[in-house]
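Trainee: I have a new model open at the bench and would like a close look at one part of it. Could you walk me through it?

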Amino acid sequence: MRSLISILDFSVAELDQLIATAKDIIANPDNYREKCRYKKLATLFFEPSTRTRLSFEAAMLELGGSVIGFSEASSSSASKGESMADTAKILSCYADIMAIRHPKEGAPYVASRNATIPVINAGDGGHQHPTQTLADLLTISREKGRLNDLTIGLCGDLKYGRTVHSLIEAMSRYEGIRFVLISPAELKLPSYVRFNVLEKHHIPYTEVTSLEDAMPELDVLYMTRIQQERFDDVEEYNRLKDSYVLDTEKMQLGKADMCVLHPLPRVNEISVAVDDDPRAAYFRQALNGKYMRMALILKLLEEAQNPAREAIDTEGLVYDRVCKNPKCICQVEQELPQIARITDPAENILRCIYCEQKV
Ligand code: CP
C-alpha cells in the first residue's frame, strides 16, 4: 500500500506530476468536484494544527468526499493507552485514507506498517512534514516559475523544524540548488539531514548566523518559528526565541524578486508589516497546501486500487539496537521491534528506522 511518510517516498517525476495536478485543479476545479465521492479521509491529529488538518479536510470535501477523525489525543483511545499500530488497524476499517500528526518521531511510519489503507504523515514531532513540503514546492514553482537554480535561505529552528528537513530532502534533488542555513549554533541542522542529504549528494551549503548578511543572495527565504513545544529546557527557549525577526528594513536587503515562505503559524519572527510586501508568499503558500493535498489524496487513492503491500526494504537492517532518542515513538510503544539501518557503511553509522537518529 502506497503511503507518504517521507518526501523521499516520491520520485522527482512524481512530485512534478503532483504539482501539475494541483495546477490543473486550480485552473479547472469543476473537473474534480466528484472525484472522491463515497470516499472517507480520517484525520488523526494527536497534536494541534490549523492549516494541515483543516486544509486536508477542505481538500477532501472539495473532492466530493467526507471526513472523520479527531483533533486531539485526549479525545481518542490513545489516552487509554491504545498503540499506534492498533489505532491504524482500526481506522483502516472505517476510512479509505488517513492523515496522522503525532508528537513522536516515526509514529506515522509505524501506522503505515500496520494499516491497510494509505497513511499520510501530517507531521511527526521534529522529524518530517512531507505535505508541508508539497505546499512549499507548489509555492516556489508558482512564485519563481522554476524549482531549479535557486539559492534558498532557511532561517530559525533548523534542528527541530520538521518542515526544513523535508524541504531540504525535496529540493536537493533538483538541479542547481544551494542552501544558506541561518540559525543559532544551538539550532543547527541535525546530522542525519546534513550528512545523509547535503554531504552525500554534494549539495552546496553554508551555515551562518546573520540573516542580514545572507539576505542579498537569496532567491527564496524560508522563515521558521522557534518552537517552544520542542524544547525540554524552557530557559534555552527563552534565550533563543527572538533570534530572528524579519522586518521591513531587512526586506530592503533582499532581491526584488525574492519570495518569503513560512509554514506558519508565526509568532514574531516575521513582523506583520512584511505581509504587505508582494514578496511575502506565506498566505498564498497556505492556500497552495490545500491544492497539493487534493492532488496527493487523488494519487494515493488511485494507487490504493492496486493494493500490493510494499515489503520493508531490508537492506542494511540491524536488529535489537536500542534507540535512545526520547522523542522517538519506540520510547512510548515498547512492543515495537528495535531496528536500525546502516546509513553510511564507510562510517558504520546506524540509525533508528523510526526517527533516523543515531543508535
Ligand atoms: N504548517 C503547519 O503545519 O501548520 P499547522 O501546525 O497549523 O498545521
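Trainee: Let's start with a cysteine: is C323 buried or exposed?

Mentor: Happy to help! First, this is a predicted model, where local features need pLDDT of at least 70, side-chain atom pairs count only at pLDDT 80 or more, and totals for chains, interfaces and linings use all residues. Residues are numbered from 1 along each chain as its sequence is written, and side-chain values use heavy atoms, leaving out hydrogens and water.

C323 is buried, at 2% relative accessible area; buried means under 20%, exposed over 50%, and partly exposed in between, with a 1.4 Å probe and protein chains only. C93, by contrast, is exposed, at 59% relative accessibility. For C323, the closest cysteine sulfur belongs to C355, 3.7 Å away, so the pair is too far apart for a bond. A disulfide needs two cysteine sulfur atoms within 2.5 Å, and by that rule the count is zero.

While you have the model open, turn to the ligand. Around the ligand you will find S49, T50, R51, T52, R101, H129, Q132, P263 and L264, each with a heavy atom within 4 Å of the ligand. Two side chains offer an N or O atom to the ligand: that of H129 is 2.9 Å from a ligand oxygen, and that of Q132 is 3.0 Å from a ligand nitrogen. P263 uses a backbone N or O atom instead, 2.8 Å from a nitrogen of the ligand. Taken alone, the ligand exposes 260 Å², and the protein buries 92% of that, with areas from the Shrake-Rupley method and a 1.4 Å probe.

Terms used:
A polar contact is a pair of N or O atoms within 3.5 Å; within protein, one must be able to donate a hydrogen and the other to accept it, and residues adjacent in sequence count only if both atoms are side-chain atoms.
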